[in-house]
Amino acid sequence: MDISIVIPLLNEDESLPELCAWIERVITAHQYTYEVILIDDGSTDDSWEVIKKISHQNNNIKGIKLQRNYGKSAALNEGFKAAKGNVVITMDADMQDSPDEIPELRRMIVEDGYDLVSGWKQKRFDNTFTKNLPSKLFNAAARRSSGIQLNDFNCGLKAYKKKVVKSIEVFGEMHRYIPVLAKWAGFRKIGEKVVEHRARKYGTTKFGWERFINGFLDLTTITFLNKFGKRPMHFFGLYGTLCFLIGFGVSVYLSAHKLMDKEFSLTNKPAFYIGLTVMVIGIQLFLTGFIAELVSRNSSERNNYLIEERLGIE
């Protein structure tokens, strides 16, 4: 199969018939074999009934209905599990992503050899202060921390090699960081394509200000997991040891003063309590690293590594 198109959705019953018809026109014109996987993330409108109707009319349209609203990452993860196409393309269901971008995205994967191509909505129709400006700040922070030079990490329109989506797990709200997850999994050729951003035709946005706060929290999480997920003691142990040594050094210095000068009041010095506090913090960090190491070593994923190729081994 040439293409799998994975579309997570929440309360998009108005846009689905038009979107699927548009996708079908584009795919038919280029004679691709394809499937469209619509993942209903706990919609409360008639989205699932619309999906069933469209699927009955076109066998290439498939659906997954989640029991409740788990979030976009969970919906994408289920779509990735089900995808069978050699190229997997994700897009939003609100008609702001154009299906006309599909052929070029596929070409960049198949002919140019990219592992992942991310869309860049260079010209946007969103509110400048509530979406565009926070998005620029978020993307700048993501570029700096990940080293991936993309202008729009959060664009829903992306294309992947099949192997990429089968090698990563998208959870929490990590859909914003799929390029980072892909790089973490060893896929280095990540490209970008300027794509059309269309004005919203149906419904309202499902995201508010909290997504940017969550985005930065997730960025911190994924950066930590990338560097220290399998060796947490290297992080907690390092800073715990430094804190303990600093606090211990202050305490030794003050104790030496007390031994040399009997009039020296040890307990009246703020540095004495600061030193003790820093030592306690250091011990706590070290113990946190120790416990995290025990958890990591007992995890079922502790020795789960992605292998690119085998020779003579089944």
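Q: How do you know that β5 is joined to strand β7 (residues 190-194)?
A: In this predicted model, five bridges link β5 to β7, and the two run parallel. Two strands pair if DSSP finds at least two bridges between them, so five are enough. One bridge partner is easy to look up: tryptophan 120 has valine 194 in β7. The element names are DSSP runs numbered from the N terminus: helices are H or I with at least four residues, strands are E with at least two.

Q: Before going on, what should I know about the numbering and the model?
A: Residues count from 1 along each chain as its sequence is written, and in this predicted model local features need pLDDT of at least 70, side-chain atom pairs count only at pLDDT 80 or more, while totals for chains, interfaces and linings use all residues. Side-chain values use heavy atoms, leaving out hydrogens and water.

Q: In what sense do β5 and β6 pair, and over how many bridges?
A: They pair in the antiparallel sense, over three bridges. Valine 117 stands opposite alanine 159 in β6.

Q: What makes the pairing of the open sheet of seven strands, and what is its order?
A: The order is β3-β2-β1-β4-β6-β5-β7, and the pairing is mixed. β3 (61-65) and β7 are called edge strands, as each pairs on one side only. From one strand to the next the twist averages 20°. Elsewhere in the sheet, β1 and β4 run parallel with four bridges between them, and isoleucine 3 has valine 87 as its bridge partner in β4.

Q: Why is phenylalanine 264 counted as buried?
A: Buried means under 20% relative accessible area, exposed over 50%, and partly exposed in between (1.4 Å probe, protein chains only). Phenylalanine 264 has 14% relative accessibility, so this residue counts as buried.

Q: Which residues is phenylalanine 264 in contact with, leaving aside its neighbours within four places in sequence?
A: Contact means heavy atoms within 4.5 Å, and the partners are Leu254, His257, Lys258 and Lys269. Phenylalanine 264 sits in the loop between α9 and α10 (270-297). Its C-alpha is 9.1 Å from that of leucine 254, ten residues away in sequence.

Q: How do you know what helix α9 (residues 233-260) reaches from its first C-alpha to its last, and what is expected?
A: The expected span is 1.5 Å times one less than the number of residues. For the 28 residues of α9 this gives 40 Å, and the 39 Å in the model is close to that. Its buried residues include Met233, Phe236 and Leu254.

Q: In what sense does α1 pass α2, in a right-handed or a left-handed crossing?
A: A crossing is left-handed if the near helix is turned anticlockwise from the far one by less than a right angle, and right-handed if clockwise. This one is right-handed. The contact involves Leu16, Pro17 and Cys20 of α1 with Ser47, Val50, Ile51 and Ile54 of α2. The axes of α1 (residues 16-30) and α2 (residues 47-57) come within 10 Å and cross at roughly 35°; axes are lines fitted to C-alpha atoms, for helices over the stretch in contact, with angles from 0 to 180 degrees between N-to-C directions.

Q: Which elements of the protein chain have the lowest and the highest mean pLDDT?
A: pLDDT is the predictor's confidence in each residue, from 0 to 100. Helix α8 (residues 210-228) has the lowest mean, 71, and β4 the highest, 98.
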